[in-house]
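Here are a few exercises to work through with the model open beside you. Try each task before you read its solution.

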Amino acid sequence: MKILGIGSRINHSEYGFGVVTNVDSRQYWVTFQENGLETIPLNDEFETIEAVENEVDAVSFMDLESSLKKILRQWSDVTEISPIADKWKKGTLILQPEDSNLSNKEIPIDTFFHKIVMVRDRIRVMEQKINASKTLDDQDKIDLQQYITRIYGSLTTFNVLFKVKSDYFVGTKSK
């Protein structure tokens, strides 16, 4: 039995997709996408997605965390953490109808912002799936990418909510 090294990616029938974060004489310590950190016996049944050689050099926790985040972003639709701008924290979005007989709708901005981030992340996943598609030809991919760019452009109004400019929606840039 060959021992997997730290950073190996596996798919376990019970826990799902995970990355080996530590190995000892009896078990793997695996961080699973859905179930967090679990230990599994070295001889447990699982599919090896990518095996990493068991090396003597230790990897820092920061390197491991960075790698795990990159892998999870690439292989799932995990929502990336995007901070809301400080001035909007704990604020309220008020939707006021023209008819004063109707009541306003108040939504916590944090809730609204979370939904905007989820929309952005799902568009990114769709974009990745389009680009990786084996059934679409290049022209179809280009056409769909143009629609996605226009969708991002339609959402630029919400950039005011983001704390970090690199999280902004970006549509077609004018020359």
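## Exercise 1: aromatic rings

A search of the whole structure turns up six aromatic pairs. Before you start, note that this is a predicted model, where local features need pLDDT of at least 70, side-chain atom pairs count only at pLDDT 80 or more, and totals for chains, interfaces and linings use all residues. Residues are numbered from 1 along each chain as its sequence is written, and side-chain values use heavy atoms, with hydrogens and water left out.

Task: work out how Tyr15 and Phe32 are paired, and where each one sits.

Step 1. Rings of Phe, Tyr and Trp (its six-membered ring) pair if their centres lie within 6.5 Å; planes under 30 degrees apart are stacked, over 60 edge-to-face, and the rest tilted. Tyr15 and Phe32 have centres 5.1 Å apart and planes at 35°, so by those cut-offs the pair is tilted.

Step 2. Place them in the chain, taking helices (H or I, at least four residues) and strands (E, at least two) as DSSP runs numbered from the N terminus. Tyr15 is in the loop between β1 (9–12) and β2 (16–23), while Phe32 is in strand β3 (residues 27–32), 17 residues apart.

Step 3. Check burial (buried is under 20% relative accessible area, exposed over 50%, partly exposed in between, with a 1.4 Å probe and protein chains only). Tyr15 is buried at 17%, and Phe32 is buried at 2%.

## Exercise 2: the nonpolar cores

Task: find the largest nonpolar core and say which elements feed it.

Step 1. A nonpolar core is a set of buried Ala, Val, Leu, Ile, Met, Phe, Trp, Tyr and Cys residues joined through side-chain atoms within 4.5 Å. The largest one has 13 residues, and Phe113, Ile123, Ile148, Tyr152, Phe162 and Phe169 have the most contacts inside it.

Step 2. α2 (109–132) and α3 (138–154) each give at least two residues to this core. The largest share, six residues, is from α2.

Step 3. Don't miss another core, lying apart from that one: it has 10 residues, among them Tyr28, Val30, Phe32 and Ile40.

Step 4. Go back to the rings: ring pairs link Phe113, Tyr152, Phe162 and Phe169 into a cluster.

## Exercise 3: salt bridges

Task: of the six salt bridges in the structure, trace those of Arg9, Asp86 and Arg120.

Step 1. The test is a side-chain nitrogen of Lys or Arg within 4 Å of a carboxyl oxygen of Asp or Glu. Arg9 bridges to Glu50, with the closest N and O atoms 3.1 Å apart. The two are 41 residues apart, Arg9 in strand β1 and Glu50 in strand β5 (residues 47–50). Arg9 is buried at 9%, whereas Glu50 is partly exposed at 40%.

Step 2. Asp86 and Lys163 meet at 3.2 Å, N to O. Asp86 lies in the loop between α1 (61–75) and β6 (92–95) and Lys163 in the segment after α3, so the bridge ties together parts 77 residues apart in sequence. Asp86 is partly exposed at 47%, and Lys163 is partly exposed at 45%.

Step 3. Arg120 and Asp167 meet at 4.0 Å, N to O. Here helix α2 holds Arg120 and the segment after α3 holds Asp167, 47 residues apart. Arg120 is buried at 1%, and Asp167 is buried at 7%. Salt bridges with shared partners join Arg120, Asp121, Arg124 and Asp167 into one network.
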